[in-house]
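User: I have this model open and want to go through some charged residues and a few odd spots. Can you take my questions as they come?

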Amino acid sequence: MSPYQYASVPGDGEKITGDTGRPVVPDRPIVPFIEGDGIGPDIWAATRHVVDAAVAKSFDGARGIAWMEVYAGEKANEVAGEWLPGETLAALTEFKVAIKGPLTTPVGGGIRSLNVTLRQVLDLYSCIRPVSWIPGVPSPVKEPHKVDMVVFRENTEDVYAGIEWASGTPEADRVRDFLMGDMGASIREASGIGIKPISPFGTKRHVAAAIRYALARGRDSVTLMHKGNIMKFTEGSFRDWGYEVAAERFPDSTVPEARLWEGEEADGRVVIKDRIADSMFQQVLLRPAEYSVVATPNLNGDYLSDACAAQVGGLGMAPGANVGDSVALFEATHGTAPKYAGLNRVNPGSLILSAAMMLEHLGWDEAARAIDRGLEGAVAAGRVTYDLERQMEGATRVSTLAFAETIVEHM
Ligand code: NAP
């Protein structure tokens, strides 16, 4: 009997096995999708059309995806009476690779955020955000083509861990008393208090994932971005543990930048560098070409990934994934834009590019490249959605689905 009450497992597909470092992918993998709320159904329909066309074109029908709808958010509430049914988590765990549209955070529903819950329950510890420019997409910088970075943001620690107490509560007072009494700290009365934990375990598995990614994709450096000059035992340790894991697990395929300053050659090895967070924001504007993979703790990565995305045209075209040891969940990086829901108007680029990342993860690079070509062609033809059209001279505004169709035509 199927363990799924609401979802149905496609009969014509097979499971992906292995782990995220080395997925074993059949020719017709079962891939669960969460449509998402608001504009989710609009951008999902466009994305599915583009992905199916790219795969069909690239492999002449020998490969295909067996899509399996699973429920989260508003649709789950309608179908199953809860925001995140247990069977959805079970399906993501069982089938290992999935894709989702944006989800509304229910206000007052007792859940912090469905996105956060998914990341925590499935232990998706790295948020991966590639940032590169598609020629023709409006950009606020002079040389957007020099931006080709992949931000690896740690997902489970730092301020993201949510360990905090509100001003004036007995809990905040107790923590303050402890810190002032036993620990010798000085804290103003009625302070709100947050704790920022960063561990060697959390840092090392995350930085190791960034290095494996760099090695697998021929990228020449991994930069550890931190504010260790001020927060020595959290951010500073993040840097130290990052260098340590590179030396421990990748001694022959990585080299610390300091050794290059002493005259050693990189010789094809991945260079491990570190930069202080504030200077990193200058660096990505002034010398973007010197950065490839950037590994960060949670908060730095939150800021940096949006700042980098802005350089190449904003969140409408920024893909992302949350990845752990056994599950990879690809997703649009923007929200549900509820005012545009069902209007067939918004840009599906973010979800489409996330799907291209997913195809790369499956090892189906030909199909991912077909999507890149299609997107570049659609932008070059000036047939784009409203958000791009309003910034591009002489462009024609098209609907979400017409944009998807134009992408397919240019594959
Ligand atoms: P948002 O949904 O990203 O929308 C903000 C604005 O960004 C839109 O009004 C629109 O700008 C533009 N935009 C977003 N997606 C676009 C697209 N695909 N194409 C073109 N323009 C796009 O942010 P929000 O209004 O702050 O959040 C709404 C809901 O989404 C909230 O419930 C939030 O919790 C949720 N959210 C979910 C995720 C997720 O699931 N990963 C992420 C972020 C937010 P214009 O009005 O200028 O056209």
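User: Which residues is K196 in contact with, leaving aside its neighbours within four places in sequence?
Analyst: K196 is in contact with D158, V159, M231, T234 and E235. Keep in mind that this is a predicted model.

User: Where does K196 lie?
Analyst: K196 lies in the loop between β9 (193-194) and α6 (200-216).

User: And how far is K196 from M149 in space?
Analyst: The two are 27 Å apart, C-alpha to C-alpha, with their positions 47 residues apart in sequence.

User: Switching to salt bridges. How many are found in the whole structure?
Analyst: The search finds 26 salt bridges. One of them joins R28 and D12, with the closest N and O atoms 3.0 Å apart. R28 is in the loop between β2 (22-24) and β3, and D12 is in the segment before β1 (17-19), so this pair ties together parts 16 residues apart in sequence.

User: Are R28 and D12 buried or exposed?
Analyst: Neither word fits: R28 is partly exposed at 32% relative accessible area, and D12 is partly exposed at 44%.

User: What about R275, which residue does its side chain meet in a salt bridge?
Analyst: R275 meets E257, at 3.0 Å from N to O. That pair links distant parts of the chain, since R275 is in strand β12 and E257 in helix α8, 18 residues apart.

User: Is that pair buried or exposed?
Analyst: R275 is buried, with a relative accessible area of 15%. E257 also counts as buried, at 11% relative accessibility.

User: Which residues are linked in a network of salt bridges?
Analyst: R217, E360, R369 and D372 are linked that way.

User: Now D37. Where is its place?
Analyst: D37 sits in the loop between β3 (30-34) and α1 (40-59).

User: What is the nearest side chain of opposite charge to D37?
Analyst: That is K100, 8.6 Å away. D37 is buried and has no salt bridge. The cut-off for a salt bridge is 4 Å between a side-chain nitrogen and a carboxyl oxygen.

User: So what does D37 touch, not counting residues up to four places away in sequence?
Analyst: D37 touches A72, G73, E74, K75, P102, L103, T104 and T336. K75, from that list, forms a salt bridge with E69, the closest N and O atoms being 2.9 Å apart. K75 counts as partly exposed, at 28% relative accessibility.

User: Next, R269. Where is it, and is it buried or exposed?
Analyst: R269 is in the loop between α8 (257-261) and β12 (270-276). At 18% relative accessibility, R269 counts as buried.

User: Which residues does R269 touch, not counting those up to four places away in sequence?
Analyst: The contacts of R269 are D220, D252, S253, T254, V255, R259 and E264. For D252, the C-alpha to C-alpha distance is 7.6 Å, and the two residues are 17 apart in sequence.

User: What is the phi of D267 near?
Analyst: Phi of D267 is near 50°, a positive value in a residue other than glycine. Most residues other than glycine have a negative phi. D267 lies in the loop between α8 and β12, and D267 is exposed, with a relative accessible area of 67%.

User: And the phi of A190, what is that near?
Analyst: Phi of A190 is near 60°, again positive in a residue other than glycine. A190 lies in the loop between α5 and β9 and is partly exposed, at 45% relative accessible area.

User: Which residues gather in a patch of negative charge on the surface?
Analyst: E171, D173, D177 and E189 form that patch. E171 is found in helix α5 (residues 170-181) and is partly exposed, with 44% relative accessible area.

User: Last one, T406. Where is it found, and is it buried or exposed?
Analyst: T406 is in helix α14 (residues 400-409). T406 is buried, with a relative accessible area of 1%.

User: What does T406 touch, not counting residues up to four places away in sequence?
Analyst: T406 touches A378 and R383. G377 is 8.0 Å from T406 in space, C-alpha to C-alpha, and 29 residues away in sequence.

Technical notes: Residues are numbered from 1 along each chain as its sequence is written. This is a predicted model: local features need pLDDT of at least 70, side-chain atom pairs count only at pLDDT 80 or more; totals for chains, interfaces and linings use all residues. Side-chain values use heavy atoms; hydrogens and water are left out. Helices (H or I, at least four residues) and strands (E, at least two) are DSSP runs, numbered from the N terminus. Buried means under 20% relative accessible area, exposed over 50%, partly exposed in between (1.4 Å probe, protein chains only). Lys and Arg count as positive and Asp and Glu as negative; His and the chain ends are not counted. Contact means heavy atoms within 4.5 Å. Patches are made of residues with over 30% relative accessible area and no salt bridge: like charges are joined within 9 Å, nonpolar side chains (Val, Leu, Ile, Met, Phe, Trp, Tyr) within 5 Å. Accessible areas come from the Shrake-Rupley method with a 1.4 Å probe; for residues, only the protein chains shown count as cover. The place of a charge is taken as NZ of Lys, CZ of Arg, CG of Asp or CD of Glu.
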